[in-house]
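Trainee: I am new to this structure and would like to look closely at a single part of it. Could you take me through one pair of packed helices and then place that pair in its surroundings?

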Amino acid sequence: MTNRIKVERAILDLTQDDLAKKIGVSRQTINSIEANRYVPSTVLALKLSAVFQKPVNDFFELIEDD
Amino acid sequence: MNKESFIECERKRLNKIVSFRLPHSFMKIGIAIAAISIVAMFGRAFFMEGDTEWLKELAKKGLLIGMLIMSVSKDKEEDEMTNNLRMQSYTIAFVIGVVYALVMPYVDYGVSNVMKPEAETLKDLGDFQVLLFMLMIQLMFYHTLKRNR
C-alpha cells in the first residue's frame, strides 16, 4: 500500500507532530505510516480522512503486491 | 442470558484481559524493583554469609515481578503501533523461550561434559531461568522494534 499523507500534510501545512496530536498517535507512528513501514488501522485511516477532509481512497492506494 | 449475549460478554471480558496495561508511571516502579533485586542478588553473593537462601528466592521473585511490571506498563505515548510492536515482541519472546527451554538443557549437558571428565546428568531448566529469559527477550525486542519503527 502506498500513501500520499506527506503531500496532504504539506497542503494543510501540518508538521508530523501536529498531525500526530490531531489523531492521537505518536510522531514516530506518522513517520512510519508515511514511509510505508506501518499500515494503519481503519480507525486511524478514518481519523486521517477527517483531518484531510477527503475519502480514505484519495490518500491510500493499493499496489500490486497487496 | 441468550447465546449471543453470552458470547458478547465473553468477548468483552477477553478484550479487557488482552488490552490490560498498567499506567506509564509503573515503568519506574518496575525498574526500581528489578534493580533492587539485582543489587540484592550481588550483595548476597559477595558480601553476605550464612543461610541467605530466602534472600536469593526473594530477589528472584522480585526480579521477575519487576520485569513483568516493566513489560505490561504503557509507554509515554501509547498508540496502535506500539500495541502492535508489543504483540510482535510477545510472539517472538514466546517462540524463542520455548526453543530455549527445549535446546538449552542439551547445550548445558554438552558443555559440562566437555569441561568435566565425569558425566553430568541431563537437567531441565528451572521456571525462573525460562521466565527471566522470555521477559528479557520481550523487553529487548520491544525496544529494538520501537527504535527501528
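Mentor: What follows starts with the helix pair, moves to one residue, and then widens to the domains and the partner chain.

Please keep in mind that this is a predicted model; the mean pLDDT of chain B is 90, with 98% of its residues at 70 or more, and for the complex the predictor gives an ipTM of 0.85 and a pTM of 0.85.

Two packed helices are described by the angle between their axes and the distance between the axes. In chain B, helix α4 covers residues 80-115 and helix α5 covers residues 127-147, and their axes come within 8 Å of each other while crossing at roughly 145°. The crossing in which α4(B) passes α5(B) is right-handed, and the residues that make up this contact comprise 15 nonpolar, five polar and two charged.

A residue to follow here is Ile92(B), which has its place in helix α4 of chain B. Once its neighbours within four places in sequence are left aside, Ile92(B) is in contact with Ile137(B) and Phe141(B). Is Ile92(B) buried, exposed or partly exposed? Ile92(B) counts as partly exposed because 18 other C-beta atoms lie within 10 Å, whereas a buried residue would need 20 or more and an exposed one would have 12 or fewer. As a further point of orientation, Ser71(B) is 21 residues away from Ile92(B) in sequence, and the two are 14 Å apart in space, C-alpha to C-alpha.

Stepping back to the whole of chain B, the domain assignment gives domain 1 as 1-74 and domain 2 as 76-149, and the C-alpha centres of these two domains of chain B lie 17 Å apart. Nine residues from domain 1 of chain B and eight residues from domain 2 of chain B take part in the contact between them. On the side of domain 1 of chain B that touches domain 2 of chain B, the residues are five nonpolar, two polar and two charged.

Beyond its own domains, chain B also meets chain A, where five residues of chain B are in contact with 10 residues of chain A. The side of chain B that touches chain A has one nonpolar residue, no polar ones and four charged ones, whereas the helix contact with which we began, that of α4(B) with α5(B), has 15 nonpolar residues, five polar and two charged.

How values were computed:
Residues numbered from 1 in each chain as written. Chains lettered and ligands numbered in written order. Predicted model: local features only at pLDDT ≥ 70, side-chain atom pairs only at ≥ 80, totals over all residues. Axes fitted to C-alpha atoms, helices over the stretch in contact; angles between N-to-C directions. Helix = DSSP H or I, 4+ residues; strand = E, 2+ residues; numbered from the N terminus. Left-handed = near helix turned anticlockwise from the far one by under 90°. Nonpolar A, V, L, I, M, F, W, Y, C, P; charged D, E, K, R; others polar. Domains from an automatic or database assignment. Contact = placed C-beta atoms within 7 Å. pLDDT = per-residue confidence, 0-100.
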